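Biologist: Could you take me on a close look at the largest pocket of this structure, and then show me what is built around it? I am new to this, so please go step by step.

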Amino acid sequence: MDCHVERIRIADEGSAPMESVESANARPGGLVGDRYYEGTGYYSPYDVCEVTFVAAEALEAIREEYDIDLTDGRHRRNVVTRGVDPHDLLDHRFSVGEVTFEGTRPRPPCAHVEQVADEEGVMEALTEGRGGICADVVDGGELRVGDEFGVPEPANPEPSSIARAMRERAEERAEKRVE
């Protein structure tokens with residue numbers, strides 16, 4: 001299945017309209033030029049998501065179910081995905097193009113998003129898993145519209161898998177010393 005970035009949006013300060021961009025420089029801390037990277041977001045510095053993801057399919061469901069069109073960016077999320085449910089990326093590291101992210105937590109809607117959208121029902125429409133997620137930038141780079149998602153890997157592997165990996169590496173080193 002094709003899993004890619006459909007749209008990227010940033011806003012230079014809290015409550016400012018989200019602008020659509022073709023690419024953004026992702027660095028630890030967020031997307032350069034976005035309000036949370038710059039420290040000018042509505043919730044800065046108290047509740048900061050470095051980068052937010054929402055599914056295009058969720059926005060389409062909102063339009064169908066609530067007759068609210070949020071495709072203009074009033075959802076206040078940075079990255080609109082296609083073919084991947086962002087909630088499946090929680091507690092995983094995943095690549096998008098040349099950038100590596102880690103899904104950290106759900107991003108439920110708040111009253112502020114409805115106020116900025118200036119449309120009643122936006123907050124309710126973004127509930128039930130449609131609000132997207134927060135992610136941290138692990139390895140930065142240029143994020144572009146059309147970039148494909150790599151296969152996500154658990155961010156915190158089970159301790160037994162860590163122990164197994166350490167044991168395998170030790171065995172490989174021991175074999176090399178014998179040779």
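Modeller: Happy to! Let's begin with the walls: 19 residues line the largest pocket, and those lying nearest its centre are R35, Y36, Y43, R77 and R107. Please keep in mind that this is a predicted model. The space inside the largest pocket comes to about 220 Å³. How do we find such a space at all? Rolling a probe the size of a water molecule over the atoms shows where empty space is left.

What kinds of residues make up the lining? Eight are nonpolar, six are charged and five are polar. Two helices are worth finding on your screen here: α1 (35-38) and α3 (111-117) each give the lining of the largest pocket at least two residues.

Now let's turn to the sheets. Eight strands make an open sheet with mixed pairing, and their order is β2-β1-β6-β5-β9-β8-β7-β11. The edges of this sheet are β2 (19-21) and β11 (153-154); each has a single partner strand, so one side of each has no neighbour in the sheet. As a reminder, strands of a sheet pair through backbone hydrogen bonds, either parallel or antiparallel. At the β2 end, you can follow one pairing in detail: β1 (residues 4-10) and β2 run antiparallel and are joined by three bridges. Look for R9, which stands opposite S20 in β2.

A helix also lies across part of this sheet. Helix α2 (residues 56-66) crosses β1, β5 (51-55) and β6 (79-82), and its direction makes an angle of about 90 degrees with β6.

There is another open sheet to find, made of three strands in the order β4-β3-β10 with antiparallel pairing. Its edge strands, β4 (30-31) and β10 (141-144), each pair on one side only. Between β3 (residues 23-27) and β10, which run antiparallel, there are four bridges. One spot to check is S23, whose bridge partner in β10 is R144.

Let's finish with the aromatic rings. A pair of aromatic rings is described by the distance of the centres and the angle of the planes. The structure has five aromatic pairs. One of them is formed by F53 and F101, an edge-to-face pair with 5.1 Å from centre to centre and 85 degrees between the planes. F53 sits in strand β5 and F101 in strand β8 (residues 99-106), so this pair ties together parts that are 48 residues apart in sequence.

How values were computed: Residues are numbered from 1 along each chain as its sequence is written. This is a predicted model: local features need pLDDT of at least 70, side-chain atom pairs count only at pLDDT 80 or more; totals for chains, interfaces and linings use all residues. Side-chain values use heavy atoms; hydrogens and water are left out. Two strands pair if DSSP finds at least two bridges between them. Contact means heavy atoms within 4.5 Å. Axes are lines fitted to C-alpha atoms, for helices over the stretch in contact, and angles run from 0 to 180 degrees between N-to-C directions. On a 1 Å grid over the protein atoms alone, a cavity is a set of points where a 1.4 Å probe fits but cannot get out, and a pocket is an open set with protein on both sides within 12 Å along at least five of seven lines; lining residues have an atom within 4 Å of a point. Grid points are joined across faces, edges and corners, and a volume is the space filled by probe spheres set on the points. Ala, Val, Leu, Ile, Met, Phe, Trp, Tyr, Cys and Pro count as nonpolar, Asp, Glu, Lys and Arg as charged, and the others, Gly among them, as polar. Rings of Phe, Tyr and Trp (its six-membered ring) pair if their centres lie within 6.5 Å; planes under 30 degrees apart count as stacked, over 60 as edge-to-face and the rest as tilted.
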